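Here is a walk through one protein model, taken piece by piece. Keep the structure open while you read.

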Amino acid sequence: MNRTAQPVPNRYDALAGAQFADRYVLITEGLSLTALGAAERALGRTPRWVGRLTALRNLAVRPFRLKTGLEPAVLPAGRIGIFPLISQFPGKVVLGLDDRHLDFRVLVEVRDLGMGRQEVAATTVVKTHNWLGRAYLAIIMPFHRIIVPAMLAQILVK
């Protein structure tokens, strides 16, 4: 398994006015994944330690009336894990949420490399709206850099 961080080619394609973006890539062998399948494997289940961090986050943001992911699905397309599904294209799934402090998108993309290998990329793009969004992003960033690669690694677990 090879998980690497990469630059994001054009974050504005995913979210106009975005101030932050990162991209993690995983090379797989012999899985034949679709983008939706990769997103479900990566984001549809949560390691116990990530679930605990998410529960703590939800408690911490409740006084600020931020969304927790526990609200009923607003979008008719559904969800993958806690993330609302925004759109789906061949090779790419876009998930995300708009809130009063920030908007974010998670793109899961699958590209065939030939000989049974695929590149699976998870890109996170964030646009903050105010001081609360900037503070929130600064606080969660160290966790984000650990959680995203861990979630992406779940693609390899059956």
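## Hairpins

In the hairpin that β4 and β5 make, two residues sit between the strands, and Gly91 has a positive phi near 85°. This is a predicted model, by the way. The pairing of β4 with β5 (residues 92-98) is antiparallel and runs over four bridges. One spot to look at is Ser87, which stands opposite Val94 in β5.

On its other pairing, β4 (residues 83-89) joins β3 (residues 79-80), again in the antiparallel sense, this time over two bridges. Ile80 has Phe83 of β4 as its bridge partner. These two strands also form a hairpin with two residues between them, and Gly81 in the turn shows a positive phi of about 65°.

## The overall layout

Stepping back, the protein has three helices and seven strands. Read from the N terminus, the order is β-β-α-α-β-β-β-β-β-α. There are 158 residues, and 44% of them count as buried.

How much of the contact map comes from residues 24 or more positions apart? Among contacts with a separation of 6 or more, that share is 61%. As for the outside, the accessible surface is about 8,900 Å², with 60% of it belonging to carbon and sulfur atoms.

## Helix α1 and the glycine after it

Is helix α1 mostly covered or mostly open? Mostly covered: of the nine residues in α1 (residues 35-43), seven are buried. They are Ala35, Gly37, Ala38, Ala39, Arg41, Ala42 and Leu43. What they pack against is a mix of strands and a helix: β3, β4, β5, β6 (102-114), β7 (117-128) and α3 (131-153).

Then comes Gly44, in the loop between α1 and α2. Gly44 has a relative accessible area of 46%, so it is classed as partly exposed. Setting aside neighbours within four places in sequence, its contacts are Ala39, Ile80 and Gly81. So Gly81, the residue with positive phi in the β3-β4 turn, turns up again here as a contact of Gly44, because the two have heavy atoms within 4.5 Å. Gly44 and Met151 are 107 residues apart along the chain, yet their C-alpha atoms are separated by 9.3 Å.

## The nonpolar cores

The largest nonpolar core has 34 residues, and the members touching the most others are Leu43, Leu95, Val108, Val120 and Ile155. At least two residues each come from β2 (20-29), α1, α2 (48-61), β4, β5, β6, β7 and α3. Which element gives the largest share? That is α3, with eight residues.

Leu43 is a good place to zoom in. Not counting residues up to four places away in sequence, Leu43 touches Ile80, Gly81, Phe83, Leu95, Val106, Val108 and Met151. Apart from this core lies another one of five residues, including Leu15, Ala18, Val94 and Leu107.

## One aromatic pair

A search of the whole structure turns up one aromatic pair. Phe83 and Phe104 meet edge-to-face, at 6.0 Å centre to centre and with 80° between the planes. Phe83 belongs to strand β4 and Phe104 to strand β6, and the pair links distant parts of the chain, 21 residues apart. Both Phe83 and Phe104 are buried.

## Salt bridges

Four salt bridges are found in the structure. Glu109 and Arg23 make one of them, at 3.0 Å from N to O. That pair links distant parts of the chain, with Glu109 in strand β6 and Arg23 in strand β2, 86 residues apart. Glu109 is partly exposed at a relative accessible area of 23%, whereas Arg23 is buried at 12%.

Arg23 also forms a salt bridge with Glu119, whose closest N and O atoms are 3.8 Å apart. Glu119 lies in strand β7 and Arg23 in strand β2, so this pair ties together parts that are 96 residues apart in sequence. Here both partners, Glu119 and Arg23, are buried. Put together, Arg23, Glu109, Arg111 and Glu119 are linked in a network of salt bridges.

Another salt bridge joins the side chains of Arg105 and Asp98, at 2.9 Å from N to O. Arg105 is buried, with a relative accessible area of 12%, while Asp98 is partly exposed at 38%.

Terms used: Residues are numbered from 1 along each chain as its sequence is written. This is a predicted model: local features need pLDDT of at least 70, side-chain atom pairs count only at pLDDT 80 or more; totals for chains, interfaces and linings use all residues. Side-chain values use heavy atoms; hydrogens and water are left out. Two strands pair if DSSP finds at least two bridges between them. Buried means under 20% relative accessible area, exposed over 50%, partly exposed in between (1.4 Å probe, protein chains only). Rings of Phe, Tyr and Trp (its six-membered ring) pair if their centres lie within 6.5 Å; planes under 30 degrees apart count as stacked, over 60 as edge-to-face and the rest as tilted. A nonpolar core is a set of buried Ala, Val, Leu, Ile, Met, Phe, Trp, Tyr and Cys residues joined through side-chain atoms within 4.5 Å. Accessible areas come from the Shrake-Rupley method with a 1.4 Å probe; for residues, only the protein chains shown count as cover.
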